[in-house]
Amino acid sequence: MFIDPHVHMVSRTTDDYARMAVAGCIAVTEPAFWAGYDRSSPQGFVDYFRQLTESEPLRAAAYGIRHHAWICLNPKEAEDHAFAKDVMALIPDFLKCPTVLGIGEIGLNRNSRTELAVFEEHLELAAKFDTLVLVHTPHLEDKHKGTKLILDAIRNQGSLKPGRVLIDHVEEHTVRCVLDAGFWAGMTLYPDTKCTAERAVDIMETHGTERLWINSAGDWGHSDPLAVPKAGVTMRARGHGPDAVRRITLENPRTFLSQSPRFSDQPLRPTAPDAIR
Amino acid sequence: MNAPDKPPLSSEQLIQLGFIQARSRLVDVAAFLDRVQRADSGSGGSRSALEDERVAAILAAMRLALDGQPERARRILESFSDLSTDPVAHADGKAARGIPNKP
Ligand SMILES: [Zn+2]
């Protein structure tokens, strides 16, 4: 059994839900992200947030998978501050949905001043509504600097508890500062960028598995919604026992996510015809 | 598993497990450099493609891998990182390119 705590199921087929269920997936959480194009109006986000909170839980439930969402304006669409404010005004309504765990995935993309301002405004929303926070850290050359700017902004916010914030997409050069500051850290298993399963196991061996999870971040790009169970196999090949696999793929995400009373990974009866074939 | 100082497998077992993949990835990097250089030869340009700042960053990172010191992955990632500290005035496009812009 496993939880994939960061996967963009709106971009995946129903076959992926079926395969994930067969591999033992019992729950997913899906952060709001960039669609691959910029939405032309705030109304485009209303439609997307409804997809996250209404359609996806039903698609997942058919395969016995619990689906939860995180709501925000992603940093790739945060460069227009006035537009960002209009979208952020929509968020409080969606935070009331019974499967929404919090604000995410907020963060930085190119480390710009406007992105940082929009990130700080999201942090205020999370503090006001007392939600969990899921943070995206930038790509490639921007990750090191962006992670530091993000940690500073959360500390400056003042009231958010590090244990209720997960900093995602850490790699060898960012994991230490995240864990040392008391935050949770996520490792994303991608074929070319971010972490391979082998490197994720290296990071676990070097830094321990406390406050650490792994995810597929499966989306419309080059990614694999079975990356979490496959990493479990890599851990076994590297000499780690079933308990260690269970901790990183199931118990750790459950511990973090259960800080929201809306999270559940209780067994759900699959109802899709092809799930019981 | 809380930060054991040694991985569960012996170095011999880890070599057994990872050698063929590491060998293959290294040949891929070498073939990439050959490919770039091959396309360059005869183009008559005065500047070698190996001086391209992205290619140069890879060659510099390979030197880090050879220095015998630990934490090669972290140090190589840092060598590919923007180490400045202030936010930029405006996002320079949506996509990162893998190495920092020259200051
Ligand atoms: Zn994501």
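This short talk goes through a helix, some cysteines and a surface patch in the structure above.

Please keep in mind that this is a predicted model, in which local features need pLDDT of at least 70 and side-chain atom pairs count only at pLDDT 80 or more, while totals for chains, interfaces and linings use all residues. Residues are numbered from 1 along each chain as its sequence is written, chains are lettered from A and ligands numbered from 1 in the order in which they are written, and side-chain values use heavy atoms, with hydrogens and water left out.

Let me start with helix 10 of chain A, residues 242–257, whose 16 residues should span 22 Å at 1.5 Å a residue (counting one less than the number of residues), and whose end C-alpha atoms are indeed 22 Å apart. This helix has a kink of about 40°, centred on Ile248(A), where the bend is the angle between axes fitted to the seven residues ending there and the seven starting there. Ile248(A) is also buried, as are Pro253(A) and Phe256(A), among others in the helix; buried means under 20% relative accessible area, exposed over 50%, and partly exposed in between, with a 1.4 Å probe and protein chains only.

Turning to the cysteines, how many disulfides does the structure hold? There are zero over all chains, a disulfide being a pair of cysteine sulfur atoms within 2.5 Å. Cys195(A) is buried at 1% relative accessible area, and its sulfur is too far for a bond because the closest cysteine sulfur, in Cys177(A), is 14 Å away.

Finally, in chain B, Ile15(B) lies in helix 1, residues 11–40, and counts as partly exposed because its relative accessibility is 49%.

Notes:
Helix = DSSP H or I, 4+ residues; strand = E, 2+ residues; numbered from the N terminus.
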